[in-house]
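Student: I would like to learn how to read a structure like this one, feature by feature. Could you take me through it with care?

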Amino acid sequence: MLIVQDLHVYYGGLHALKGVNLHVSKGEIVAIIGRNGAGKTTLLNALSGLVKAQRGTITFRGIPIQGKKPHKIVRLGLCQVPEGRRIFAPLTVSENLELGAYLKRTPQEKAKSKEDLDYVLQLFPLLKKRLHLRAGILSGGEQQMLAIGRALVGNTKLLALDEPSLGLAPMVVKEIFNVISRLRDDGGTILLVEQNAREALSVSDRAYVLEAGRVAIKGPSSRLLEEEKVKTAYLGKKRR
Amino acid sequence: MNQNLAQFIFSGTTTGAIYALIALGFCIVENSMKIVNFAQGDFLTLGGMFMFSMLYALHLSILPAIVLSVLAVALIGAAMERFALRLAKSKETVVLVFITIGASIFIRGGIKLIWGKSPKSLPYFSGAHPIDLLGARILPQSLWVIGGTIAVFLALHHFFHHTKQGKAMKAVAYDPKAAALMGINVEAMMMLSLALAGGVGAVAGILIIPITTMTFDMGVMLGLKGFAAAVLGGYGDVMGAVIGGLLLGLLESLGAGLISSTYKDVIAFVVLLLVLFLRPRGILGKEEWERV
């Protein structure tokens, strides 16, 4: 579904991505883990067209998308839930969801949109009670649910999540990851960027470890969970 | 005395309606780009000048002349976004605001070159015969001004609160990156907002100039008054723009009529300062707070 080849991104003088190769197939959850500054967010932003890639190719559903404007990439079905949630605080929860379905214009799409909305409200029953509240007053966890829901009501073919667990309480983190595996069971394709390596590896099928703008380690998540290098660098001490 | 009071209130409402229209123009650009567009007053002059040419050079009748003038200024607004604001290397607010100041000077220069420096006037829409209303004598044109302002206000209120495009525009203002990730074409949205601001500015000019006459630089003072009205009402709020505009117009008119016409601007701006000391967000401005 998504193929990234030899992707290079420079920020001013900084070489943030140094030739990244990766792919995501339909129905997979692929995790990208790595430390702060490893280039994870830059990678997602390059995929979404928010930052320009100087070299390399990105192919999404067979279409080259590097250099395309962000809204065109969303139209193809690559939807990103950005780091820090970035919900529209002055608007209500339901208006936020309405904007998530912004690209749905034809009557068929609008009908589908209602179905998708029901699906989202079933995933996140909490949001249902908050539909008419201003999104800015939701708790951090609720905002994250709204941000994910907002991406799911679009014509999403691949959901890219940037640090969905960041700054959330452990209970909420668990809930978010439950939803992620539920999405996979329902046939969704997900690219998950996380610092929380243990959770990310538990929920995903395959993973890439990004170090200083390069893919350092890759493989099935179950194998990475057992790999010594990953254990010491990213999983911390073993839990008893 | 009572009769005078009614007169002051009507004339204040008319000027206030124009301030409100200019404030609405500021409000539109605030709701997409979060910048102050200092060319807003010049959009008003441009609208009047185009109207002048449509009527006296092309000999069009009043309705097509209005439509074409509004479209022309909307186009100039869109061009200002496309060829000035969008090309800026830095998207810092200060840089963009300075570009609007540059655009304002550029537009005034252009008007002076094309239409000259001499004052011009436009005809009343429907007769010059004053109507007696509650003891005050008002020009029919004043009713056009007030009616036009109400129409523009209702349209914009509907746009920002009840249409997807309007909400998308506010989303662009709040967080352009997140808006782009919803599939919203951020640049097109900004261009649309400048076009709308241009159109609203043109409407203001076409409505008021039959009463005031126009010169190439009239947009400067009117723009400032409209800006003050927008701040007074709560910058960026559609309803606030109207309330701020009417309040400022009434204060000026009542101040001039009841106290002294020498001090009419002083009275208006003192009230503006007082409101802002007590309530920095303006009358309808909302506290901006959110959880992070």
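**Reading the strands, the fold and the helices**

Tutor: Let us begin with a single pair of residues: in strand S5(A) of this predicted model, the residue that serves as bridge partner to Phe60(A) is Ile63(A).

Student: Which strands does that bridge belong to, and in what sense do they pair?

Tutor: Strand S4(A) and strand S5(A), the latter covering residues 63-64 of chain A, pair in the antiparallel sense over 2 bridges. The two strands form a hairpin with 2 residues between them, and within the turn Arg61(A) has a positive phi of about 50°.

Student: Which other strand is joined to S4(A), and by how many bridges?

Tutor: Strand S1(A), residues 2-11, runs antiparallel to S4(A), residues 55-60, and 5 bridges join them. To find the register by eye, you can start from Gln5(A), which stands opposite Thr57(A) in S4(A).

Student: How many helices and strands does chain A hold, and what is its radius of gyration?

Tutor: Chain A has 10 helices and 10 strands. For the overall form, one compares the radius of gyration with what a compact globule of 240 residues would have, which is near 18 Å; chain A has 18 Å and therefore agrees with that expectation. Along its principal axes the C-alpha trace spans about 45 × 45 × 30 Å, and buried residues make up 46% of the chain. When contacts between residues at least 6 apart in the sequence of chain A are taken, 66% of them join residues at least 24 apart.

Student: Is helix H3(A) mostly covered or mostly open?

Tutor: Helix H3(A), residues 93-100, is mostly covered, with 7 of its 8 residues buried. Among these buried residues are Val93(A), Leu97(A) and Leu99(A), but also Glu95(A) and Glu98(A). The buried residues of H3(A) pack against helices H4, H5 and H6 of chain A together with H6 of chain B.

Student: In chain B, how do the axes of H6 and H8 cross?

Tutor: In general, an α-helix has 3.6 residues a turn, so residues three or four places apart point the same way. Here, the axes of H6(B), residues 164-174, and H8(B), residues 186-212, come within 10 Å and cross at roughly 110°, and the two helices are therefore roughly perpendicular to each other. Ala168(B), Met169(B) and Val172(B) make the contact from H6(B), while Val186(B), Met189(B), Met190(B) and Ser193(B) make it from H8(B).

Student: What kinds of residue make up that contact?

Tutor: The residues of the contact between H6(B) and H8(B) divide into 6 nonpolar and 1 polar, with no charged residue.

Notes
Residues numbered from 1 in each chain as written. Chains lettered and ligands numbered in written order. Predicted model: local features only at pLDDT ≥ 70, side-chain atom pairs only at ≥ 80, totals over all residues. Axes fitted to C-alpha atoms, helices over the stretch in contact; angles between N-to-C directions. Helix = DSSP H or I, 4+ residues; strand = E, 2+ residues; numbered from the N terminus. Parallel < 35°, antiparallel > 145°, perpendicular 65-115°, else oblique. Contact = placed C-beta atoms within 7 Å. Nonpolar A, V, L, I, M, F, W, Y, C, P; charged D, E, K, R; others polar. Buried ≥ 20, exposed ≤ 12 C-beta atoms within 10 Å, placed from the backbone. Rg over C-alpha atoms; globule rule 2.2 N^0.38 Å. Pairing = 2+ DSSP bridges.
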